[in-house]
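Let's take a relaxed walk through a protein model. Have a look at the picture below, then read on.

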Amino acid sequence: MKAPRTPPDAAQRSKLQDELRRDVAARRQGYRERALKILPHVCASCGREFDGRRLKELTVHHRDHNHENNPPDGGNWELLCIYCHDHEHEKNRLAGHYEGAVAAKETLAPSIFSPFSALDALLPTTAPSETDASGKSDKSDRSAR
Ligand SMILES: [Zn+2]
Ligand SMILES: [Zn+2]
């Protein structure tokens, strides 16, 4: 029998650490497993179905955004595909600033757009007739003099 390179203590410690890590991962995965058991495997937002290997694209969203809040009836869970889940969080991240941005846009819009639309209406009609009229009046002015 060969002497082990690492003393049994260290081996045991790393084994314990492995078990701890697995335990943490399992606890983190726990609500997902439970959610998948009680909820239909359908994205609550886009309605796509997920099964087999694609099931991993279906993620658990916490309605109150508190990952510690995992009631057994699943009331805080929503199954969302990874795309809709991203979108859901993007929406909520922007929500705080969105009202201010909309108000600013609405007050800016008339002052920015009305001068340009007024110019658009004026330019094509006035520009050609002005040069036409000045060319003719120039000639008639010279011939008259
Ligand atoms: Zn989706
Ligand atoms: Zn979420």
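In what order do the elements of the protein run from the N terminus on? They go α-β-β-α, with 2 helices and 2 strands in the protein. Here helices (H or I, at least four residues) and strands (E, at least two) are DSSP runs, numbered from the N terminus.

A quick word on the ground rules. This is a predicted model, where local features need pLDDT of at least 70, side-chain atom pairs count only at pLDDT 80 or more, and totals for chains, interfaces and linings use all residues. Residues are numbered from 1 along each chain as its sequence is written, while chains are lettered from A and ligands numbered from 1 in the order in which they are written.

How far can you trust it? The pLDDT (the predictor's confidence in each residue, from 0 to 100) averages 76 over the protein, and 57% of the residues score at least 70. Confidence peaks in β2, at a mean of 97, and is lowest in helix α2 (residues 82-144), at 60. Over residues 98-112 the pLDDT is below 50, and beyond near neighbours in sequence this stretch has 0 contacts in the model. Where pLDDT is low, the predicted coordinates should not be read in detail.

Now for the inside. Buried residues (20 or more other C-beta atoms within 10 Å of their own; 12 or fewer is exposed, in between is partly exposed; C-beta atoms are placed from the backbone) make up 8% of the 145 residues. The largest nonpolar core (a set of buried Ala, Val, Leu, Ile, Met, Phe, Trp, Tyr and Cys residues joined through C-beta atoms within 7 Å) has 10 residues, including Tyr-31, Val-60 and Trp-77. Its largest share, 4 residues, comes from β2. Leaving aside neighbours within four places in sequence, Val-60 is in contact (C-beta atoms, placed from the backbone, within 7 Å) with Tyr-31, Arg-32, Ala-35, Trp-77 and Leu-79.

Two loop residues are worth a look:

| Residue | Loop between | C-beta neighbours inside 10 Å |
|---|---|---|
| Gly-47 | α1 (8-38) and β1 | 9 neighbours |
| His-65 | β1 (58-62) and β2 (77-81) | 11 neighbours |

Are these residues buried or exposed? Gly-47 counts as exposed because it has 9 such neighbours, and His-65 counts as exposed because it has 11. His-65 also has a positive phi of about 60° although it is not a glycine. Most residues other than glycine have a negative phi.

Key. Contact = placed C-beta atoms within 7 Å.
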